[in-house]
Amino acid sequence: MEKVFVSPMTYRQGENVLWNHLEDILAFGRKCLIVTDGFVYQMLGEQLCKKLMELGGEIFVWVVEQEKPIGAFDSVVALGGGRAIDLGKALAFESNCPVVVVPTSASTDAPTSRISVKYREGYFEKYSYYTKSPDLVLVDTAILINSPVHFLTAGIADGLSTSIEARTVRENRGVNTLGALPTLAAEAIAEKCRDVLLVYAEEAVEANKLKKISPAFEAVIEANTLLSGIGFESGGLSIAHALHNAMVSLWGGEIKGSHGQIIALTTLQQLRIEGREEEFTQYQALFEKLELPLTYEALSIFPSVNELKKVTELAFSPEDGIVRSQSPATKENVFQALLAFRKTREI
């Protein structure tokens, strides 16, 4: 079987990197469609439109809460969080045009991948896989330092799942998100992501609280965004993301938590399922310090036995990570492990 490794064409990170590279955005086409949400448009998008127009750009905007505009454009700028980024990548692929991604938080690794997640009314539906990675990713740490801390900690949890899931894929000769074997490069990147986050996570969170960009903050932003993005896409997904998708498929918007906050819980579940108790203790202690969810109840979910059986069934979808990674986990040992993460118990 082939090995495949992918990455964005260009990744730039640093303070004020967005405003220092406006011409790079327009290099992909003067007629540019910005995809964003209403909050980010007011915070940042309106200013970006103005500056691009001052440089000769013809700028259109799709605020995702509204109808998609009709008209021709040369490139897409996906500006904002996960939803805007996913919709921007999807639109660029459908329109066969370049896409520039500008994240406004470091809560997920979506900015660098060629994957979008499709939800229907808050419920997970499917992954959409594209044949092309983002053309340019601009990660402006002057913007991200002002993002709420809970976004950063969610991204840390998502990043720490990367090496754990990639290891399962590798050890069992499963396939990555590209349907191929992972490369040595993907393995090294996933492991570097883990190492950076374990060393610098707490220091980066303190920097975020103080709104002060530091080397630790820059390192964690790169780990959350670039290392995790490449690590999960080329390294592969396994139990943690399969359980996340199953939970969101079943409970949807009832879950009071972001993608990364859910992944914190399912990463601990994967470690427990695989019997990696030393790592489980280490990650549980870190997640507790970062105020990440350790139980279903922390996500405002109070699952019954039957609901956890349903989560288990959904997680073993042939299209999802448990099957694709060829994990030796069985439905019974997954189900038994999930029971231990309820704070309350049925009599």
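This passage walks through the sheet, the helices around it and the buried cores of a predicted model.

The sheet is a good place to start. Strands of a sheet pair through backbone hydrogen bonds, in either a parallel or an antiparallel way. Here the sheet is open, has 6 strands and follows the order 1-8-5-4-2-3, with parallel pairing. Strand 1 (10–14) and strand 3 (58–63) sit at the edges, each pairing on one side only. From one strand to the next, the twist averages 15 degrees. Further in, strand 5 (residues 99–103) and strand 8 (residues 136–140) run parallel and are joined by 2 bridges. Val101 has Val137 in strand 8 as its bridge partner.

Helices lie across this sheet. Helix 4 (residues 82–95) lies across strand 2 (31–36), strand 3, strand 4 (75–80) and strand 5, and runs at about 170 degrees to strand 4. Helix 8 (residues 215–235), for its part, lies across strand 1 and strand 8, at about 155 degrees to strand 1.

Helix 8 also packs against helix 6 (residues 149–171), at an angle of about 35 degrees and with the two axes 9 Å apart. Their crossing is left-handed. On the helix 6 side, the residues making the contact include Leu152, Gly155, Ile156 and Gly159, while helix 8 brings in, among others, Phe217, Val220, Ile221 and Gly231.

Two of those helix 6 residues turn up again in the largest nonpolar core: of its 75 residues, Leu152, Ile156, Met247, Phe287 and Tyr296 touch the most other members. Helix 7 (residues 184–210) gives the most to this core, with 8 residues. As for Phe287, setting aside neighbours within four places in sequence, its contacts are Ala157, Leu160, Ala264, Thr267, Leu268, Leu292 and Leu294. There is also a second, separate core of 20 residues, with Leu18, Cys32, Val40 and Val77 among them.

Not every buried residue is a nonpolar one, and Gln270 is worth a look. This glutamine lies in helix 10 (residues 259–273). Gln270 counts as buried because its relative accessibility is 0%, and the cut-off for buried is under 20%. What does the side chain of Gln270 meet there? It makes a polar contact of 3.0 Å with the side chain of Thr168. Not counting residues up to four places away in sequence, Gln270 touches Ile164, Glu165, Thr168, Ser238, Ile239 and Ala240.

Key
Residues numbered from 1 in each chain as written. Predicted model: local features only at pLDDT ≥ 70, side-chain atom pairs only at ≥ 80, totals over all residues. Heavy atoms only, no water. Pairing = 2+ DSSP bridges. Helix = DSSP H or I, 4+ residues; strand = E, 2+ residues; numbered from the N terminus. Axes fitted to C-alpha atoms, helices over the stretch in contact; angles between N-to-C directions. Contact = heavy atoms within 4.5 Å. Buried < 20%, exposed > 50% of the residue type's maximum accessible area, 1.4 Å probe, protein only. Polar contact = N/O pair within 3.5 Å; in protein donor to acceptor, adjacent residues only side chain to side chain. Core = buried A, V, L, I, M, F, W, Y, C linked by side-chain atoms within 4.5 Å. Left-handed = near helix turned anticlockwise from the far one by under 90°.
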